[in-house]
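Dear colleague,

Please find below the structure that I am handing over to you. I would be grateful if you could look through it together with the notes that follow.

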Amino acid sequence: MIKKLSSINASRTANSILLLLGLLFFKPLAYFVALMMFWAGLTDYCLMEKILQRFGFQNTCSTMVSQAEMQVYDAKKHWENIYQTKKSDEVSWFQEKPNTSLNLIAETCLDKYSRIIDIGAGDSRLVDALLTLGFKDITLLDVSSTALNRAKKRLGNKANGVKWVVSDLREFETNDRYDLWHDRAVLHFLTEKEDISRYAERVRRLLKPTGYLIVSTFSKNGPKRCSGLNIKQYSEDSMRKLFSDFEHIKSFEEEHSTPWGASQIFIFSVFRKRD
Ligand SMILES: C[S@@+](CC[C@H](N)C(=O)[O-])C[C@H]1O[C@@H](n2cnc3c(N)ncnc32)[C@H](O)[C@@H]1O
C-alpha cells in the first residue's frame, strides 16, 4: 500500500486525505468502500462519485474533479442559482441606468457599427441603452443562461439584434474581434492567478488594434466579498500592471449604492489596445 501511495500524484494524495477524513468523521461505510476502491485503482473519480452518491452523498466528489473543471462548474452553478432566486433589483450590483459605463463609451467616440462585447453582462440594462443609442453590433456574454434569458425577455423583439453567448469567459473562443470590451463587476470574481491571466489574454487577443477596454471592479476601498464569493480588489496601479501593454487612458473610483442603500466603491479603468 505504501508503494501504491507513493506512486499517486499530489491531487490524488489530497483526495485520499479527504476520503480518510470522511471515513473518520462522516458516513464510514461509504467512505471505506470508496477509499479502498480508489487505492486499489479500481475506480476513477467519476465512478467514485457515483459510489458515494449511492450512499446518499450529493456533490461529495467535487474535490475530486480537476481544479479547472470545478471552477467552471461552480461559476455556472453559483450564478444560475443567483439569477433563479433573486429578482433584478434584489442584487447588489443592480443599476436602473448604467450612466458611468454609458459616459465612458460615449467618450470613446466609437461609431454605431462598432463591435461591442459586454462580458458577464447578466441582465444589465446597458444593452437597452446601447440599442437606444443606435449601436448595431452588440454581443452579451454570461455564464448564466437565466440572466441572459431575462434580458432577452425584457428586450422583446429588439433581442433579435443582439448576439447572445452563454459561456464561461475563461472558456470563451470566437473568431470575432471587438472594438470595445466592457466589463462591470466581473473580473473581480476571478481570484486565481491563472484565471486572471486567462482573462487578460482574451482581452489582448479579442480586441482589435486600437480597441477599447472599459473595466470596473471593486476597489481597494470596496467590498471584500460579493454575492457570497471572495473577490479580488483592484487599484489603479494593479489595473495598469494587469494591462501594462495597453495605453492607460484613465482610472477613477466611484461609489455605487446598492438597492438597499449600502455603499460599494468601484474602480473604473479605461485602456486602449496599442496599434
Ligand atoms: C456582479 S454581476 C454583474 C452583471 C453586469 N455586468 C452588471 O453590471 O449588471 C456578475 C456577472 O458576471 C457573470 N459571471 C461571473 N463569472 C463569470 C464567468 N466566469 N464567465 C462568464 N460570466 C461570469 C455572472 O453570471 C453575473 O451576471
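The findings are set out below, beginning with the strands and ending with the ligand.

Please note that this is a predicted model.

Strand S4 (residues 178-184) is largely enclosed by the rest of the structure, because six of its seven residues are buried. S4 has pairing partners that include strand S1 (residues 115-119), which runs parallel to S4 and is joined to it by four bridges. Strand S5 (residues 207-218) also pairs with S4 in the parallel sense, over six bridges. Trp 181 takes part in both pairings: it is the bridge partner of Ile 117, and it stands opposite Leu 213 in S5. The connection from S4 to S5 involves helix H9 (residues 193-206), and the three elements make a right-handed β-α-β unit.

Trp 181 and Leu 213 also appear in the largest nonpolar core, which has 47 residues. Together with Val 127, Leu 140 and Ile 214, they touch the most other members of that core. S5 is its greatest contributor, giving six residues. Apart from its neighbours within four places in sequence, Leu 213 is in contact with Trp 181, Val 203, Leu 207, Phe 243, Phe 246 and Phe 271. In soluble globular proteins, nonpolar side chains tend to be buried together.

As for the ligand, 18 residues surround it, and those that come nearest are Trp 79, Gly 120, Gly 122, Ser 124 and Val 143. The shell comprises ten nonpolar, four polar and four charged residues.

Yours sincerely

Definitions and conventions: Residues numbered from 1 in each chain as written. Predicted model: local features only at pLDDT ≥ 70, side-chain atom pairs only at ≥ 80, totals over all residues. Near = placed C-beta within 6 Å. Nonpolar A, V, L, I, M, F, W, Y, C, P; charged D, E, K, R; others polar. Buried ≥ 20, exposed ≤ 12 C-beta atoms within 10 Å, placed from the backbone. Helix = DSSP H or I, 4+ residues; strand = E, 2+ residues; numbered from the N terminus. Pairing = 2+ DSSP bridges. Right-handed = clockwise from strand over helix to strand, strands pointing away. Core = buried A, V, L, I, M, F, W, Y, C linked by C-beta atoms within 7 Å. Contact = placed C-beta atoms within 7 Å.
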